[in-house]
There are 2 protein chains.
Amino acid sequence: MSYIAMNRFKIRPGREDDFESIWRNRESHLSELPGFREFRLLKGPQTEEFSLYSSHVVWDSHADFDAWTKSEQFRASHRNAGKREGESPIMGHPQFEGFETVLHEA
Amino acid sequence: MSYIAMNRFKIRPGREDDFESIWRNRESHLSELPGFREFRLLKGPQTEEFSLYSSHVVWDSHADFDAWTKSEQFRASHRNAGKREGESPIMGHPQFEGFETVLHEA
């Protein structure tokens with residue numbers, strides 16, 4: 001059964017396009033990794049304080065996710081995080097949540 | 001681009017199997033509906049207070065999700081909700097969050 005690694009991001013109002021651009025313009029190396037199935041960047045509900053986004057990466061197993069976090073691709077993709085100029089579109093830190101698939105229908 | 005309807009559930013410690021059984025034993029009619037792609041029941045992080053679960057339904061569009069909420073299948077699947085005997089394994093109400101897909105890699 002698959003494992004889904006999610007991060008929840010609170011984005012400052014008006015900075016949604018900046019946040020999406022960071023993702024659109026990044027070099028993704030996920031598909032090079034064993035066990036990678038699917039990636040999604042998702043836009044969720046908006047409040048006066050922030051817009052909620054969530055990133056989902058579906059892996060074959062928790063072990064595949066774990067191997068990714070120890071890979072050169074992971075280090076490369078996080079090298080520039082937090083180094084951009086000006087105020088970040090992200091409020092605080094992203095909130096990580098890992099999920100095991102219990103049931104699946106498709 | 002796809003739309004994902006999520007519900008977050010806080011489950012009382014020790015009642016995880018009861019909660020999973022409700023899902024395993026339900027009659028699912030999702031695959032009868034236009035625009036249905038995928039369903040997942042996911043088990044997330046556990047704290048002393050609760051175990052977090054999340055249900056994900058991937059639809060072709062928000063309109064397909066919306067049509068489902070107005071369908072006979074939706075009414076049938078929610079008919080028995082909250083009518084079971086004894087204390088529910090779910091603490092409070094599930095928290096709904098809908099997400100539009102911004103980026104997708106597979």
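The legends below describe close-up views of a predicted model with chains A and B.

**View 1. The two chains are related by a two-fold axis.**
A turn of 180 degrees, with a shift of 0.0 Å along the axis, lays chain A on chain B with an RMSD of 0.0 Å. That is the relation of a two-fold axis. Within chain A, the C-alpha nearest this axis belongs to A:His56, at 5.7 Å from it. Both copies use the same surface for their contact: of the contact residues of chain A, 100% recur in chain B.

**View 2. Eight strands from both chains form a closed barrel.**
The order of strands around the barrel is E1(A)-E3(A)-E2(A)-E4(B)-E1(B)-E3(B)-E2(B)-E4(A), and the pairing is antiparallel. From one strand to the next, the twist averages 30 degrees. Strands of a sheet pair through backbone hydrogen bonds, which may be parallel or antiparallel in arrangement. In this barrel, E2(A) is followed by E4(B), and E2(B) by E4(A).

**View 3. Helix H2 of chain A packs on the sheet.**
Helix H2(A) covers residues 62-69 and touches three strands of chain A: E1 (3-11), E3 and E4 (90-105). The direction of the helix makes about 55 degrees with that of E1(A). In the sheet of chain A, strand E2 (residues 36-46) and strand E3 (residues 51-59) run antiparallel and are joined by eight bridges. One of the residues of this chain with a bridge partner in E3(A) is A:Gln46, whose partner is A:Ser51.

**View 4. Strand E3 of chain B is mostly covered.**
Strand E3(B) spans residues 51-59, and seven of its nine residues are buried. Strand E1(B), residues 3-11, runs antiparallel to E3(B), and nine bridges join the two. B:Tyr3 has B:Trp59 as its bridge partner in E3(B). Strand E2(B), residues 36-46, is also antiparallel to E3(B), with eight bridges between them.

**View 5. E2 and E3 of chain B form a hairpin.**
Four residues lie between E2(B) and E3(B) in this hairpin. B:Leu41 stands opposite B:Ser55, a residue of E3(B).

**View 6. Helix H2 of chain B lies across three strands.**
Helix H2(B), residues 62-69, lies across E1, E3 and E4 (95-105) of chain B. The helix runs at about 55 degrees to E1(B). Of the strands under this helix, E1(B) and E3(B) are joined to each other by nine bridges.

Conventions. Residues numbered from 1 in each chain as written. Chains lettered and ligands numbered in written order. Predicted model: local features only at pLDDT ≥ 70, side-chain atom pairs only at ≥ 80, totals over all residues. Least-squares fit on C-alpha atoms with pLDDT ≥ 70 in both. Contact = placed C-beta atoms within 7 Å. Buried ≥ 20, exposed ≤ 12 C-beta atoms within 10 Å, placed from the backbone. Pairing = 2+ DSSP bridges. Axes fitted to C-alpha atoms, helices over the stretch in contact; angles between N-to-C directions.
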